[in-house]
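Student: Could we go through this structure together, one question at a time?
Tutor: Happily! Have a look at it first, and then ask away.

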Amino acid sequence: MHIVLVEPEIPGNTGNIARLCAGTGMELHLVRPLGFSTDDKHLKRAGLDYWHLVRVHYHDSFVEVQKQYDGCPFYFCTTKAAHIYSDMIYTSDTFLVFGKETAGLPESLLTANERYTIRIPMQDNARSLNLSNAVAVVAYEALRQNAFVDLRLAGSGCGGVHTI
């Protein structure tokens, strides 16, 4: 599975998401322009010492991602979607796409992919969740639907997935 961040702006969020990817085996795709340097101390700090566990891909545009992974399912997370994230079916080759913190995904991208837009339910008066929290919510639903297969293979030590 894959997490795509389109033009992320806050290094701490991207670092937290990288740590999530390290813990789950999901690949991280960063679409430029980034709102920070990849050498940013806040980015590295949020990702702790997990960076060596993350497969990070850099792309110059979202179109580049779509062309490179043509045929894979893409889901676009936005507060404007009609579909709730848990109502969709995710596969092991799914791409979960999130926009920048201040503006979300471009309207043109959402309109072109309306059928595949998803949202996390929340109070009407709440604008949105923190990006790294939203990614975690949707990512773990996608993993749950796939029976946490990749995590079960990762080992059963502390922090691993345990079944009862």
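The questions and answers below go through the sheet, its helices, a pocket, an aromatic pair and two backbone details of this predicted model.

Student: In what order do the seven strands of the open sheet lie?
Tutor: Good place to start! Strands of a sheet can pair either parallel or antiparallel. In this open sheet the pairing is parallel. Reading across the seven strands, the order is β3-β2-β1-β6-β4-β7-β5.

Student: Which strands stand at the edges?
Tutor: Look for strands with a single partner strand, because one side of such a strand is left without a neighbour in the sheet. The strands that fit are β3 (56-59) and β5 (83-84).

Student: What is the bridge partner of Phe76 in β7?
Tutor: Strand β4 covers residues 74-77, and two bridges join it to the parallel strand β7, residues 117-119. Within β7, the partner of Phe76 is Thr117.

Student: At about what angle does helix α5 run to β6?
Tutor: Helix α5 spans residues 131-145 and lies across β1, β4, β6 and β7. Its angle to β6 (95-98) is about 160 degrees.

Student: How many charged residues are in the lining of the largest pocket?
Tutor: This pocket holds about 540 Å³ of space. Its lining has 21 residues, with Thr79, Glu101, Gly104, Ser128 and Leu129 nearest the centre. Sorted by class, nine are nonpolar and seven polar, and the charged ones number five.

Student: How many residues apart in sequence are the parts that Phe74 and Phe95 tie together?
Tutor: The whole structure has eight aromatic pairs. Phe74 and Phe95 form a stacked one, with 4.6 Å centre to centre and 25 degrees between the planes. Phe74 lies in strand β4 and Phe95 in strand β6, so the pair ties together parts whose separation in sequence is 21 residues.

Student: Which residue is joined to Pro33 by a cis peptide bond?
Tutor: Find Pro33 in the loop between β2 and α2 (41-47). The bond has an omega of about 5 degrees, and the residue it joins to Pro33 is Arg32.

Student: What is phi of Glu7 near?
Tutor: Glu7 lies in the loop between β1 and α1. Its phi is positive, in a residue other than glycine, and is near 55 degrees.

Terms used. Residues are numbered from 1 along each chain as its sequence is written. This is a predicted model: local features need pLDDT of at least 70, side-chain atom pairs count only at pLDDT 80 or more; totals for chains, interfaces and linings use all residues. Side-chain values use heavy atoms; hydrogens and water are left out. Two strands pair if DSSP finds at least two bridges between them. Helices (H or I, at least four residues) and strands (E, at least two) are DSSP runs, numbered from the N terminus. Contact means heavy atoms within 4.5 Å. Axes are lines fitted to C-alpha atoms, for helices over the stretch in contact, and angles run from 0 to 180 degrees between N-to-C directions. On a 1 Å grid over the protein atoms alone, a cavity is a set of points where a 1.4 Å probe fits but cannot get out, and a pocket is an open set with protein on both sides within 12 Å along at least five of seven lines; lining residues have an atom within 4 Å of a point. Grid points are joined across faces, edges and corners, and a volume is the space filled by probe spheres set on the points. Ala, Val, Leu, Ile, Met, Phe, Trp, Tyr, Cys and Pro count as nonpolar, Asp, Glu, Lys and Arg as charged, and the others, Gly among them, as polar. Rings of Phe, Tyr and Trp (its six-membered ring) pair if their centres lie within 6.5 Å; planes under 30 degrees apart count as stacked, over 60 as edge-to-face and the rest as tilted.
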